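Student: I have a structure open and some questions about it. Can we go through it piece by piece?

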Amino acid sequence: MANDLKPKNYSLDELLYNLLYDYQYRNNFLNDEFNELNLSADNLNHIKTIDKEELVATATTIVRNLMSGNIEHKGGLRTSFPGVFQALEILETDITLLMHKFLASKHFECYMELPYAGEGTCIEEAFYNYLSENEDFILAADNNHLLLKHEFLNAILSILTVNKHPFFRIDSDLVKNNGHIYYAYQTYSKEISEALSGKKVASDSEKVIWLYAATEKNLIRGPIHPSVLEMVEIGDTRGIKRQQKFNQDQIDWILNLGLIKNDG
């Protein structure tokens, strides 16, 4: 935020936000580089009353809670993206610095509910978008982006299983709604699918469709036949029957799973 084009002086709200979430802006303040802070004379007087040790402690707590969880973030990003954080550690990534950079990013701003901003995304989508642009992570291993995407879809569909009417905005075109449920799908190699499911996948194809679906009762995830995806995308029994290509047993099975709406 501090590096974007802004009016000459930050408002008090913006300056306090920067101090807490933009590590470079905060470092300028800690080093008394006040000419780098874009402040009015009045706000300069306000900022000089801030306890620097308390500011650093608060910023450190924000990062810790974001990674490991608190009331707001529950289990934290480490819980939502366990494989991703393991991969980051294998790369010997400075995870604390990475999180500070995330907090200062445009993606985190999309999550934050600011006084001067509208509805935001969930923290999981913000982190997914941020790390998707991190070439050091994405290019370090062939499956890193796949892993990131898989854990993001697991996380957001888990949230949507519990919260059918989310307070956050969903920007990702990976997450879809068929008029009855939220769902997503990816096409993985058979080898990857078997690694994710922990068992053999019954498929004659080397490519497997993997479904993530937030039904009324639970999160459904796993390999599916292309015909199942076709019915999920239609979303209701009337539309499926109109296709005249699915038998009643197939319709009843997917209906019992809660993946489509029963509208006759």
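Tutor: Yes; we will take the sheet, then a helix, then salt bridges and a few single residues. Keep in mind that this is a predicted model.

Student: What is the strand order in the sheet, and how do the strands pair?

Tutor: The order is β1-β2-β3-β4, an open sheet of four strands with antiparallel pairing. The edge strands are β1 (176-177) and β4, and each of them pairs on one side only.

Student: Which helix packs on the sheet, touching β2, β3 and β4?

Tutor: That is α13, residues 226-234. Its direction makes about 155° with that of β2. Helix α12 (residues 190-197) lies across β2 (182-189) and β3, and runs at about 125° to β2.

Student: How many bridges join β3 to β4?

Tutor: Six, between β3 (residues 207-214) and β4 (residues 219-224). I209 stands opposite I224, and A213 has I220 as its bridge partner.

Student: And what connects those two strands?

Tutor: A hairpin, through four residues.

Student: What holds strands together in general?

Tutor: Strands of a sheet pair through backbone hydrogen bonds, either parallel or antiparallel.

Student: New topic. Which residues of α2 are buried?

Tutor: Y23, Y25, R26, N28 and F29.

Student: What covers them?

Tutor: The cover includes α1 (12-21), α3, α4 (52-68) and α7 (95-103).

Student: Which residue caps the N-terminal end of α2?

Tutor: D22 does, with a side-chain oxygen 3.1 Å from the backbone nitrogen of Q24. After α2 comes D32, which has a positive phi, near 60°.

Student: Which residue forms a salt bridge with D32?

Tutor: K52; the closest N and O atoms are 2.6 Å apart. The pair links distant parts of the chain, since D32 is in the loop between α2 and α3 and K52 is in helix α4, 20 residues apart.

Student: Is D32 buried or exposed?

Tutor: Neither: D32 is partly exposed because its relative accessible area is 43%. K52 is also in that class, as its relative accessible area is 30%.

Student: How many salt bridges are there?

Tutor: The count comes to four. One of them joins the side chains of E89 and R78, at 2.9 Å from N to O. E89 lies in helix α6 (residues 82-90) and R78 in helix α5 (residues 76-80), so the pair ties together parts that are eleven residues apart in sequence.

Student: Which side chain meets E230 in a salt bridge?

Tutor: K245, at 2.9 Å from N to O. E230 lies in helix α13 and K245 in the loop between α14 and α15, so this pair ties together parts 15 residues apart in sequence.

Student: What about Q244, where is that?

Tutor: Q244 is in the loop between α14 (237-243) and α15 (248-256). Its phi is near 55°, a positive value in a residue other than glycine. Q244 counts as exposed because its relative accessible area is 74%.

Student: And N38, where does that sit?

Tutor: N38 is in the loop between α2 (23-30) and α3 (41-47). N38 has a positive phi of about 55° although it is not a glycine. With 29% relative accessibility, N38 counts as partly exposed.

Student: Last one. What is C110 in contact with?

Tutor: Apart from neighbours within four places in sequence, C110 is in contact with G120, T121 and R169. C110 is found in helix α8 (residues 106-111), and at 35% relative accessibility it counts as partly exposed.

How values were computed: Residues numbered from 1 in each chain as written. Predicted model: local features only at pLDDT ≥ 70, side-chain atom pairs only at ≥ 80, totals over all residues. Heavy atoms only, no water. Buried < 20%, exposed > 50% of the residue type's maximum accessible area, 1.4 Å probe, protein only. Contact = heavy atoms within 4.5 Å. Pairing = 2+ DSSP bridges. Axes fitted to C-alpha atoms, helices over the stretch in contact; angles between N-to-C directions. Polar contact = N/O pair within 3.5 Å; in protein donor to acceptor, adjacent residues only side chain to side chain.
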